[in-house]
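This briefing is meant to be read alongside the sequence and the 3D view. Please look at the whole fold before turning to the pair of helices.

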Amino acid sequence: MLNVKNIMLVAGLSVVCSAQCPLVAQTKSSTEAVPFTQVKMSEASFWGHRIKAARDVTIPLAFSKCETMGRYSNFVKAAHPSPDYDVSKFMGFSFDDTDVYKTIEGASYVLQTMPDKHLEAYIDSVLDIVAAAQESDGYLNTARTINPAKPHGWVGSKRWSKEEELSHELYNLGHMVDAACAHYQATGSTKFLDIARRYADCVCREVGPLPEQATVVPGHQIAEMALARLYKLTGEKKYLDEAKFFLDYRGRTKIKNAYSQSHKPVADQKEAVGHAVRAGYMYAGMADVAVLTGDSSYIRAIDAIYDNIVGKKYYITGGVGARHAGEAFGANYELPNLTAYNETCAAISMVYLFHRLFLLHGHSKYIDCLERTLYNGVISGMSIEGDRFFYPNPLACDGKYHFNSDNTIERQPWFGCACCPSNLCRFIPSVPGYQYAVNGQDLYVNLYASGLLTTKIGGKNLEIEQTTLYPWDGDITLTVKNARAKRFRMMLRIPGWARGSVVPSDLYSFADKTTDSWYATVNGIRVESALENGYLVIDRQWRRGDRVQLHLDMSPRFVAANGKVTDDRGRLCVERGPLVYCAEWCDNDFDLRHFVVNRNKKMTVEQCPELLGGITGITAYGTILKADNNGQISATPSSLSLIPYYSWNHRGAGLMQVWMPASLEVIE
């Protein structure tokens, strides 16, 4: 059996010159993300620390869990099926295979920046086990193959017969394909890609609209995104056609419900409903197909759904999914705090969606949302050390869960349903791939983090070094190290929060009188030009040594919610730059629920290098209200210490609040 202890992870973030397929597929949008392999983030940066934690802790932990929780042994059993196996007795979920795929995907992203022969060999040994479980026609789903006569209870007596319910056969395909594409890009090996293509080919043969095919759509979406990715990698149109079939036939098969977004055809959907992870993956798949085909009906639908999310169903932390029941979106403006579900996977799905909408439309508002979700709703799901996790991410806490038990709320070392930690394994190392994009002679600088970009503009080499302490500091420097691409337009995203806009809707707004302040210089000379879709355009002949400096004011700000959000009426929260802040019990020796914040008193900022991995703390001022035994209320001036929301619950369970009372009426 494999031994995860043999994994030896090297230090440093070095660039891999990995073999990659040319992008043979033609897209309708000409904006492309700069590949992950061309972006080297500094290990000392905010994201460098998180990638290191994923590399050194989370990914090895996930591989070890695949061993100890039977994920690998399921593949071994599938390679030697037997009528003696009762699958439901030893396999927890029909999608357990995806834990293996997602961990390989994350490890592959790590390999793209940190070549490691030991890790590569370990992955190869896992793939040997996976390949042995594949049936002769390409089908690969251990929940069924182990014993087709008595498969997992969620899997039907025939292939695909329960796909629209709980079999997750196509969900498994989606994660397999995504992981295989990443593995190929990292190593140049087709070992995993060949396995995934055989399963994808099996699906293309057996699932579709023809009489001899199973006319079903994914019960849990993600195959749509993955097949679009496989099409872009290989140029084989059948994969794009299958992805479009999965979308086109949604609402036209036997299962029709809002939970799985199958209540109506996708082109007719205008509101985000149902299971938030399923929804996010499907919406991202719609955006993929819209980009690749130019289908205007998909574009109209996905634009309307985006507007509904960001205008009515989006938490200030960038999370989605208000309800525990069904892990679902709520009604418009239904955004409770104490019982907010906000599954970590749902936040990740929003990053996928927002990035695809940016590639489709080229507007910075989508990256503004991506950044909000990334810095708050996603990384709140993983501890700073990378070894403990949240499944839900509420915006208030009284020390207990309010979902399905009264247990003390704590980050967990793992979950039986491990979708969130394994999803973080694959997502965190992929973050550099969201930093830049190109469109002809335009270079989009979307995310700010220290590191080195090596790419091409107009077929000419370009190398730019970015240095910054972002998100703790709003000063960013971009230095041209090599500019064979002489003339191009550098598109600097000026975040919405720096321009007076919390989100691109009226769901949230700044509630203080702070004046927005930002500016940019080139070689010390101030840039004076209008913004284009939220980007400052610097169009010039570039030379080696040219230096662009961007200053974004990071004064802490008070934020108010739209009055239709009943749970936030009379309350304010605090932001600084891209980070949302919260108050936690261990930094304040009083009941947080009795503190009334004074929006008119300026907040103060303090660097705390020894606290929670190094943060910038904020102090707000106001009054503590306390009632005595006679009902008399006393008011005591006080201060409130705030930390970044992502860092809460590292020091034990207790009170936490994002939205603080700003009036007497909301004091508990």
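What radius of gyration does the protein have, and what would a compact globule with 668 residues have? The protein has 25 Å, which agrees with the value near 26 Å for a compact globule, where the radius is taken over C-alpha atoms and the globule rule is 2.2 Å times the number of residues to the power 0.38. This is a predicted model, in which local features need pLDDT of at least 70 and side-chain atom pairs count only at pLDDT 80 or more, while totals for chains, interfaces and linings use all residues. Residues are numbered from 1 along each chain as its sequence is written, and side-chain values use heavy atoms, with hydrogens and water left out.

**Whole protein**
- The protein has 14 helices and 24 strands, which are DSSP runs (helices H or I, at least four residues; strands E, at least two) numbered from the N terminus.
- Its C-alpha trace spans about 75 × 70 × 50 Å along the principal axes.
- Of the 668 residues, 61% are buried, meaning under 20% relative accessible area with a 1.4 Å probe and protein chains only.

**Helices H11 and H12**
- The axes of H11 (residues 296-312) and H12 (residues 344-361) come within 12 Å and cross at roughly 130°, the axes being lines fitted to C-alpha atoms over the stretch in contact, with angles running from 0 to 180 degrees between N-to-C directions.
- Among the residues making the contact (heavy atoms within 4.5 Å) are Ile 299 and Tyr 306 of H11 and Phe 354 and Leu 357 of H12.

How values were computed:
Buried means under 20% relative accessible area, exposed over 50%, partly exposed in between (1.4 Å probe, protein chains only).
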